[in-house]
Amino acid sequence: MSFTERSGLTVDDARRLVDVAVVALLVVTLAAGLAAGVPPAGLAALVVASVAIETLATRVVTSSLLRTVDRDADVPAPLRATVTAVSHELGIDPLPVAFDADGATDVVVLGRGDRAVLLVSGPVVDELDGAALRGVVAHELGHVARGHFRAVPGREAVAHVVGAVALWVVALRGLAPGQAAVVSGLFLLASATRQHELGARVYLLGSLGTVLVPLALDAYATRLEECQADDVAVTHSSATAFCTGLYRITAAGETAAGGVSGPSTAGRGPLGWLTAGYPPLERRVARHGLALSDVSDRADRGTETGAGVRPDPATPD
């Protein structure tokens, strides 16, 4: 049973509480830094640098992914029509669509603000029927409509601030200012490379483990945002259609990663539960009154029959 179920809070209420907790953690951390003698200018520089690192990292990842996509590839007419229709229903401007005909099965929003692009792969269009495609597109656009991407750099930056202040208080305040600045810079460099094992270890150990608190809050907020986007998707398609598309995409991702047990909770240890950015698939479909086995059967039947929405190449758009 999830926290929201135990507490009786709605997903929206829980999401707001996480925002309050993240802001409170930042305020306490900055106050602790000031009390320990960190110069105010140093704290201000730390906050700016932390936000800049996350913003730059997002742009680098987005650019690197889009470089692998043929930006001149024709977007199938049904896909473009679906994106336009759902965007209008959500009250947002339609995003530019990058169609990766041969990419892994996925649909995702890359970037933020004016740089945002909806990346859709060929297998998604080939294997999902029109209702399921509408559901997974509505999910991604739901993130945009709910403003989720605006909060991400701030939440992740708080983790860097917490870790850097903890490092300074415990180990750096006895050093010369130049030495402390160099070590702090190396810690921030580790924060930017924490997706790799070495960077993650330096980041965790350098913060004395304190970054686990804001990272856990960030992960929980992300899981709640996934639930909010799921609700948007169901509203603009149906529970069965969306969950079928969700299962198909998740199963394809597990297969590509070498998973053998399907998209479930089987591989999550304690740290995985704490920092996972997605709720278990079983819970996501159960929130909408469906069983995972029923959804998987429907997804498999759709794949076997080739229930896609891409028009025949010989048919004009």
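The following exercises, each with a worked solution, introduce the structure shown above.

This is a predicted model, in which local features need pLDDT of at least 70, side-chain atom pairs count only at pLDDT 80 or more, and totals for chains, interfaces and linings use all residues. Residues are numbered from 1 along each chain as its sequence is written, and side-chain values use heavy atoms, with hydrogens and water left out.

**Exercise 1. The chain as a whole**

Task: State how many helices and strands the chain has, and what share of its residues is buried.

Solution. Step one: the chain has 14 helices and three strands. Helices (H or I, at least four residues) and strands (E, at least two) are DSSP runs, numbered from the N terminus.

Step two: of the 317 residues in the chain, 43% are buried. Buried means under 20% relative accessible area, exposed means over 50%, and partly exposed lies in between (1.4 Å probe, protein chains only).

Step three: about 15700 Å² of the chain is exposed, and carbon and sulfur atoms supply 61% of that area. Accessible areas come from the Shrake-Rupley method with a 1.4 Å probe; for residues, only the protein chains shown count as cover.

Step four: among contacts (heavy atoms within 4.5 Å) with a separation of 6 or more, 69% join residues 24 or more positions apart.

**Exercise 2. The nonpolar cores**

Task: Identify the residues with the most contacts inside the largest nonpolar core, and the helix that gives the most to this core.

Solution. Step one: a nonpolar core is a set of buried Ala, Val, Leu, Ile, Met, Phe, Trp, Tyr and Cys residues joined through side-chain atoms within 4.5 Å. In soluble globular proteins, nonpolar side chains tend to be buried together.

Step two: the largest core has 37 residues, and L79, L118, V120, V136 and L141 have the most contacts inside it. Helix α11 (residues 239–256) gives the most to this core, namely seven residues.

Step three: apart from this core lies another, of 18 residues, including V38, V165, F187 and L188.

Step four: consider L118, leaving aside neighbours within four places in sequence. The residues in contact with L118 include V83, L95, P96, V107 and E140.

**Exercise 3. A salt-bridge network**

Task: Determine which residues are joined with R155 into one network of salt bridges.

Solution. Step one: a salt bridge is a side-chain nitrogen of Lys or Arg within 4 Å of a carboxyl oxygen of Asp or Glu. The structure holds 15 of them.

Step two: D218 and R155 form a salt bridge through their side chains (2.7 Å, N to O). The pair links distant parts of the chain, with D218 in helix α10 (residues 212–235) and R155 in helix α7 (residues 148–172), 63 residues apart. D218 is buried, with a relative accessible area of 9%, and R155 counts as buried at 4% relative accessibility.

Step three: E225 also forms a salt bridge with R155, the closest N and O atoms being 2.9 Å apart. E225 lies in helix α10 and R155 in helix α7, so this pair ties together parts that are 70 residues apart in sequence. Both E225 and R155 are buried.

Step four: salt bridges that share partners join R15, D19, R155, D218 and E225 into one network.

**Exercise 4. Two buried polar residues**

Task: For S50 and R248, name the helix of each and the partner of a polar contact.

Solution. Step one: S50 is found in helix α3 (residues 40–66) and is buried, with a relative accessible area of 0%.

Step two: a polar atom of the S50 side chain lies 2.8 Å from the backbone oxygen of L46. Not counting residues up to four places away in sequence, S50 touches A157, H160, V161 and L188.

Step three: R248 is in helix α11 and is buried, with a relative accessible area of 18%.

Step four: the side chains of R248 and E127 are joined by a polar contact of 2.9 Å. A polar contact is a pair of N or O atoms within 3.5 Å; within protein, one must be able to donate a hydrogen and the other to accept it, and residues adjacent in sequence count only if both atoms are side-chain atoms.
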